[in-house]
Amino acid sequence: MNTQTLHRQRTENILLSLRTLDYLTRSQIQTIHNLKSDRNANRVLQSMDEYLSSFRNGLEKVYYLNKKGRERVGATVVRKRTANVNHFLLRNQLYIFLGYPRTWKNEQRIKLGDTSIVCDAIFQMENIRCFVEVDCSQSMEKNKRKIEKYRTFQKKGQKFNLIWVTELKSRKPKLERLCEGLSVAVHSADEIR
């Protein structure tokens with residue numbers, strides 16, 4: 001493969017990652033696509049600016065698809081700058097930590113009888129569905145209600161793993177207690193970085 005073909009393929013792969021994951025920091029793109037140094041990652045992303053929009057979040061830039069980028073990879077969801085970006089970034093950090101599950105889908109509605117949940121992500125691992133929940137400054141009461149819905153699923157015979165990631169280390173034991181009896185793994189943000 002010549003250099004131009006490699007560059008085109010790399011561009012396509014980065015755009016497809018953004019279609020799947022919505023928002024990614026420079027370092028997340030760097031990790032997923034093995035872009036080596038910070039300087040190289042910045043150069044690659046700058047060369048793609050016709051397809052990308054970005055904004056600063058703390059010390060890092062966050063990238064998402066602009067209109068031309070969405071058209072190139074057939075993305076239908078329009079993303080804009082959002083104050084809720086840490087929720088997306090934490091979910092995507094879990095995606096990286098779990099080894100890039102191939103069947104990963106964001107924000108999926110699961111319905112069983114009259115019980116319905118929108119989970120932050122879902123994927124299959126060894127023929128078992130895994131539901132992902134991100135705790136990023138939402139109330140524990142809201143988390144508790146969601147966990148009760150997962151209990152209802154379990155009572156109706158559904159087999160699944162529940163994976164939580166929480167921004168605050170202090171919430172990890174609380175979530176573990178609330179999820180007792182479920183097949184669950186709870187990670188703090190620090191553990192998956």
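Me: How many bridges join strand E7 to E8, and do the two run parallel or antiparallel?

Reply: In this predicted model, five bridges join strand E7 (residues 160–166) to E8, and the two run parallel. Two strands count as paired if DSSP finds at least two bridges between them, so the five bridges found here satisfy that rule. Leu 162 of the chain stands opposite Val 184 in E8. Strands here are DSSP runs of E with at least two residues, helices are runs of H or I with at least four, and both are numbered from the N terminus.

Me: What makes strand E4 and strand E8 the edge strands?

Reply: Five strands form an open sheet with mixed pairing, in the order E4-E5-E6-E7-E8, and strand E4 (105–112) and strand E8 (184–188) each pair on one side only. The twist from one strand to the next averages 40°, where axes are lines fitted to C-alpha atoms, for helices over the stretch in contact, and angles run from 0 to 180 degrees between N-to-C directions.

Me: Which strands does helix H5 lie across?

Reply: Helix H5 (residues 85–97) lies across E4, E5, E6, E7 and E8, running at about 140° to E6, and contact here means heavy atoms within 4.5 Å. Helix H6 (residues 140–155) lies across E4, E5, E6 and E7, at about 75° to E5.

Me: Why is Cys 119 not bonded to Cys 130?

Reply: A disulfide is a pair of cysteine sulfur atoms within 2.5 Å, whereas the sulfur of Cys 119 is 11 Å from the closest cysteine sulfur, in Cys 130, which is too far for a bond. In agreement with this, a search of the whole structure finds zero disulfides.

Me: How do you know whether Cys 119 is buried or exposed?

Reply: Buried means under 20% relative accessible area, exposed over 50%, and partly exposed in between, with a 1.4 Å probe and protein chains only. Cys 119, at 1%, therefore counts as buried, and Cys 130, at 0%, is buried as well.

Me: What is notable about the phi of Asn 127?

Reply: Most residues other than glycine have a negative phi. Asn 127, however, has a positive phi of about 65° although it is not a glycine; it lies in the loop between strand E5 (115–125) and strand E6 (128–135), and its relative accessible area of 76% makes it exposed.

Me: How are the residues numbered, and what limits apply to the values?

Reply: Residues are numbered from 1 along each chain as its sequence is written, and side-chain values use heavy atoms, leaving out hydrogens and water. Local features need pLDDT of at least 70 and side-chain atom pairs count only at pLDDT 80 or more, while totals for chains, interfaces and linings use all residues.
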